[in-house]
Amino acid sequence: MARAPFDIAGTRVSPGSRIQIDVPVARLYTHAPLYIPIEVVHGRQSGPVMLVCGGIHGDEINGVEIVRRLLRSKQLQGLRGTLIAVPIVNVFGFVQHSRYLPDRRDLNRCFPGSESGSLGGRMAALFREQIVDHATHIIDLHTGAIHRTNLPQIRAQLTPGGETERMANAFGAPVILNAELREGSLRHYAQNRGIPVLTYEAGEALRFDQWAITPGVRGVLRVMRRLGMLTGEHRRRPVPAAEVANGSSWARAPIDGILRPQVRLGARVAKDELLGRVADPFGNAEGEVRSVADGIVIGMSRLPLANEGEALFNIARFDAIEEAESAIEDFHSSLEPPPDALY
């Protein structure tokens, strides 16, 4: 029996076809319309409906490139199920190089949204109704915030043996952070509706980090293959080992000043180990930044200028830290060429 068409955002997509859709979202002050661009690939055979989206924070652009490369992948030929690809959700922020909407709201704290609320609430409601509610599985693509970088990692609320855990293990990021849901986030909304969702965090805002983009594309394709959406022969790479972190904490600046880091992203550190020094421009006052736990540096500030109390190094805690260190080393060696930018 022939598969039914896929209806989304007022458009009907026939089986075996792909189409780009501009979803109207708002108007600029000039009265010019603004759209959320999406592409739908609707396979001839039934299967999951995977939403892959980037740019919920408008300055986090690695996800935009991951979606572009995903859509160019030959592995999508013969797709089972449906792929909804959204490179840029927060089009306002993307145009302005900003994490936020024009009203300074964080779109990823506005779900499920409201059709009569603020701009953020309206955009969240529209994205939810027109796109998110059609999905059976979601991968949400992020980076570190401005002037911060993240080691490639998956953030998800894991249930042993559940679909989300299965997706997280398939992705192949070196670290999986078993993270609590944040109210108002896309992940919070989707997970509470029973939609398994992963957040992929890697790299820095307003930068294309190849060491974050390449594994992101591979990871999305691995998840789609694990879900049975992709079939056929291809050059198989073993899925890199991943270790689950049971939490993370930030080491903060002890004084106002200029940071001189002593460790690299991905480094294994011990509790109270020196991570960096913060000093005033003359060196008259100097404070040490020390690790708050045994763990791995999964995020760090890229901006040397720090105020007292500012978060500088994010340390993930593991029960099996040796295995976590090995997983990160294997991840580094799997990248071609070696990711010098990682350091």
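The following exercises, each with a worked solution, concern salt bridges, strand pairing and confidence in a predicted model.

**Exercise 1. Confidence**

Determine what average pLDDT the protein has, and locate a stretch where the pLDDT is below 50.

*Solution.* Step 1: The average pLDDT over the protein is 93, and 96% of the residues score at least 70. Step 2: Residues 338-343 form a stretch with pLDDT below 50. Step 3: Beyond near neighbours in sequence, residues 338-343 nevertheless have 13 contacts in the model.

**Exercise 2. A salt bridge between two loops**

Explain which parts of the chain are tied together by the salt bridge of Glu 60 and Arg 99, and state whether these residues are buried or exposed.

*Solution.* Step 1: The side chains of Glu 60 and Arg 99 form a salt bridge with an N to O distance of 3.3 Å, which satisfies the cut-off of within 4 Å. Step 2: Glu 60 belongs to the loop between strand S5 (45-54) and helix H1 (62-71), whereas Arg 99 belongs to the loop between helix H2 (91-95) and helix H3 (119-130); the pair therefore ties together parts that are 39 residues apart in sequence. Step 3: Both Glu 60 and Arg 99 are buried. For Arg 99 the relative accessibility is 19%, and the residue counts as buried because the limit is under 20%.

Step 4: Arg 99 also forms a salt bridge with Asp 106, where the closest N and O atoms are 3.6 Å apart. Asp 106 is buried as well, with a relative accessible area of 13%. Step 5: Elsewhere, salt bridges that share partners join Arg 128, Glu 129, Asp 133 and Arg 193 into one network. The count of salt bridges comes to 18.

**Exercise 3. A salt bridge within a helix**

Describe where Glu 65 and Arg 69 lie, and classify each residue by its relative accessibility.

*Solution.* Step 1: Both residues lie in helix H1, four residues apart, or about one turn of the helix. Step 2: Glu 65 and Arg 69 form a salt bridge, and their closest N and O atoms are 2.8 Å apart. Step 3: Glu 65 has 9% relative accessibility and counts as buried, while Arg 69, at 25%, is partly exposed.

**Exercise 4. The partners of strand S4**

Identify the strands that pair with S4, and state how many bridges join each pair.

*Solution.* Step 1: Strand S3 (residues 17-27) pairs with S4 in the antiparallel sense over 10 bridges. Within this pairing, Ile 21 has Ile 38 of S4 as its bridge partner. Step 2: The hairpin of S3 and S4 has five residues between the strands, and His 31 takes a positive phi near 80° there. Step 3: S4 is also joined to strand S6 (residues 80-86) by four bridges, and these two strands run antiparallel. Glu 39 stands opposite Ala 85 in S6. Step 4: Seven of the 10 residues of S4 (residues 33-42) are buried, so the strand is mostly covered.

**Exercise 5. An open sheet**

Give the order of the strands in the four-stranded open sheet, and explain which strands stand at the edges.

*Solution.* Step 1: The order is S16-S15-S13-S18, with antiparallel pairing. Step 2: Strand S16 (286-290) and strand S18 (305-306) stand at the edges; each has a single partner strand, so one side of each is left without a neighbour in the sheet. Step 3: The partner of S18 is strand S13 (residues 257-261), and the two pair in the antiparallel sense over two bridges. In this pairing, Ile 258 has Leu 305 of S18 as its bridge partner.

Notes. Residues are numbered from 1 along each chain as its sequence is written. Side-chain values use heavy atoms; hydrogens and water are left out. Buried means under 20% relative accessible area, exposed over 50%, partly exposed in between (1.4 Å probe, protein chains only). Two strands pair if DSSP finds at least two bridges between them. pLDDT is the predictor's confidence in each residue, from 0 to 100. Contact means heavy atoms within 4.5 Å.
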